[in-house]
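Subject: Structure handover

Hello,

Please find the structure below. My notes on what was found in it follow after that.

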Amino acid sequence: MMFNKNAVIKEYHTGKASDYIWDGEKEFTFEETVTLKKEKGKDFKILTLDDIHFSDYGYRAPLSMFSTLAIKKLVASVKPDLIILPGDFVCGDSSYYSIQKITDLMESFGIPWAPVFGNHDDEANCDLNYLADVMMSSPHCLMQKNDPEMGVGNYIINISENGKTVESIFMMDSHHSQPNEKQQHWFRWAADGINALTDCGAEISIFMHIPLPEYQYAYDAAYNKQTGKWNSGFNAYGALHETICCEISCEKPVQRGFFDIVKSTGTAKHIFCAHDHMNDFSIEYEGIRLTYLMKLGKASGCQPGFDGGSVISIGENGINRITHKTFLLGNHVDILL
């Protein structure tokens with residue numbers, strides 16, 4: 001259905017900010033998290049749907065219909081236990097109708113789903129709190145707002161098998177750059193708490209929209225431009241097809257220290273990002289695997305071979321496989337860990 005653009009964008013919609021204030025002096029407990037159960041002897045599957053750029057008007061309206069069909073096809077094929085939307089699921093001058101459409105679509109599957117915001121989600125006529133309110137009103141949405149000084153939507157999902165946590169997933173609002181200082185302190189507090197409660201037995205992974213500067217550092221170290229091949233020692237897959245769009249100043253990546261905090265936990269092994277629509281590489285860098293997730297849909301910058309989703313499989317010891325699934329080329333990249 002097409003809408004009159006001027007009528008749609010006339011009113012600006014705001015939601016209610018969380019009144020929760022994080023206290024780093026308080027002891028961490030699993031009550032701070034959401035827990036999903038993994039079946040013993042069977043991989044827990046996560047399907048990610050990245051940079052959908054869903055909209056209900058203009059040239060993106062028919063493209064959004066194709067995205068809807070693609071999402072349904074992926075869900076039917078993968079049969080995931082959890083769906084993650086790593087940002088830019090709506091965009092354009094209006095998100096008032098679009099956010100309800102994408103929410104209804106996610107709810108139709110009856111599967112837990114977890115969104116984290118990207119740089120385009122709040123560019124229209126709804127702020128992030130309003131978008132979060134719409135999604136969080138749905139029974140299967142796992143999103144939590146947390147402390148507003150950290151952004152909107154910083155929360156943890158634990159994957160548990162027989163009462164033992166095997167994976168802790170940090171969903172982090174990377175704003176338009178990187179996690180801010182308070183988020184970094186919160187992450188370290190929560191990661192230390194999880195390590196203490198699980199005797200360092202739970203792997204930690206992080207999902208955010210904007211890539212960290214280490215994606216650039218990792219690519220520069222791992223890819224040999226002279227040979228056109230990956231250097232040994234990085235266990236690298238996939239390829240770079242567009243500029244790595246991390247935070248830049250004076251033509252250099254800006255380093256804010258979050259990666260060093262992630263490394264220092266000892267149990268954080270994966271960082272997943274979106275944002276760059278045509279990159280799909282995954283590189284092991286300084287003990288952390290940095291992975292781009294596959295873009296879904298043809299709206300907003302897409303090329304053949306980059307229309308699909310990523311599947312992340314979690315076994316009894318954490319993530320054991322990452323697969324980029326595309327509609328044109330089948331399994332574009334299959335990373336067995």
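This is a predicted model. I begin with a helix that packs on the main sheet: α5, residues 181-198, lies across β5 (155-161), β6 (164-171) and β7, and runs at about 175 degrees to β6. A second helix, α6 (residues 214-222), also packs on the sheet, where it touches β12, β13 and β14 (288-292). The direction of α6 makes about 90 degrees with that of β13.

The sheet itself is open and has 7 strands, in the order β1-β5-β6-β7-β12-β14-β13, with mixed pairing. At its edges stand β1 (34-37) and β13 (282-285); each has a single partner strand, so one side of each is left without a neighbour in the sheet. From one strand to the next, the twist averages 20 degrees. Within this sheet, β7 (residues 203-207) and β12 (residues 268-273) run parallel and are joined by 4 bridges. Ser205 has His270 in β12 as its bridge partner.

Strand β2 has pairings of its own. It covers residues 44-48 and is mostly covered, with 4 of its 5 residues buried. With strand β15 (residues 308-315), β2 pairs in the antiparallel sense over 5 bridges; the partner of Leu47 in β15 is Val311. With strand β3 (residues 82-85), β2 runs parallel, and 3 bridges join the two. Here Ile46 has Leu82 in β3 as its bridge partner.

Next, the aromatic rings. A pair of aromatic rings is described by the distance of the centres and the angle of the planes. The structure holds 19 aromatic pairs, and two of them are set out here.

- Phe187 and Phe258 are edge-to-face, at 5.3 Å centre to centre and 70 degrees between the planes. The pair links distant parts of the chain, with Phe187 in helix α5 and Phe258 in helix α7 (residues 258-264), 71 residues apart. Both Phe187 and Phe258 are buried.
- Tyr215 and Tyr292 are also edge-to-face, at 5.1 Å centre to centre and 65 degrees between the planes. Tyr215 lies in helix α6 and Tyr292 in strand β14, so the pair ties together parts that are 77 residues apart in sequence. Tyr215 counts as buried because its relative accessibility is 0%, and Tyr292 is buried too, with a relative accessible area of 0%.

Tyr215 and Tyr292 also belong to a cluster linked by ring pairs, together with Tyr219, Tyr223, Trp230 and Phe281. As noted above, α6 touches β14, and the pair of Tyr215 and Tyr292 joins that helix to that strand.

One further residue is worth a look in the viewer. Met106 sits in helix α3, residues 96-107. Is Met106 buried or exposed? Its relative accessibility is 0%, so Met106 counts as buried. Beyond its neighbours within four places in sequence, Met106 is in contact with Leu49, Ile71, Ile83, Leu85 and Trp113. Two of these, Ile83 and Leu85, fall within the residue range 82-85 of β3. The C-alpha atoms of Met106 and Thr68 are separated by 10.0 Å, and the two residues are 38 apart along the chain.

Regards

Methods: Residues numbered from 1 in each chain as written. Predicted model: local features only at pLDDT ≥ 70, side-chain atom pairs only at ≥ 80, totals over all residues. Heavy atoms only, no water. Pairing = 2+ DSSP bridges. Axes fitted to C-alpha atoms, helices over the stretch in contact; angles between N-to-C directions. Contact = heavy atoms within 4.5 Å. Buried < 20%, exposed > 50% of the residue type's maximum accessible area, 1.4 Å probe, protein only. Phe/Tyr/Trp six-rings, centres within 6.5 Å; stacked < 30°, edge-to-face > 60°.
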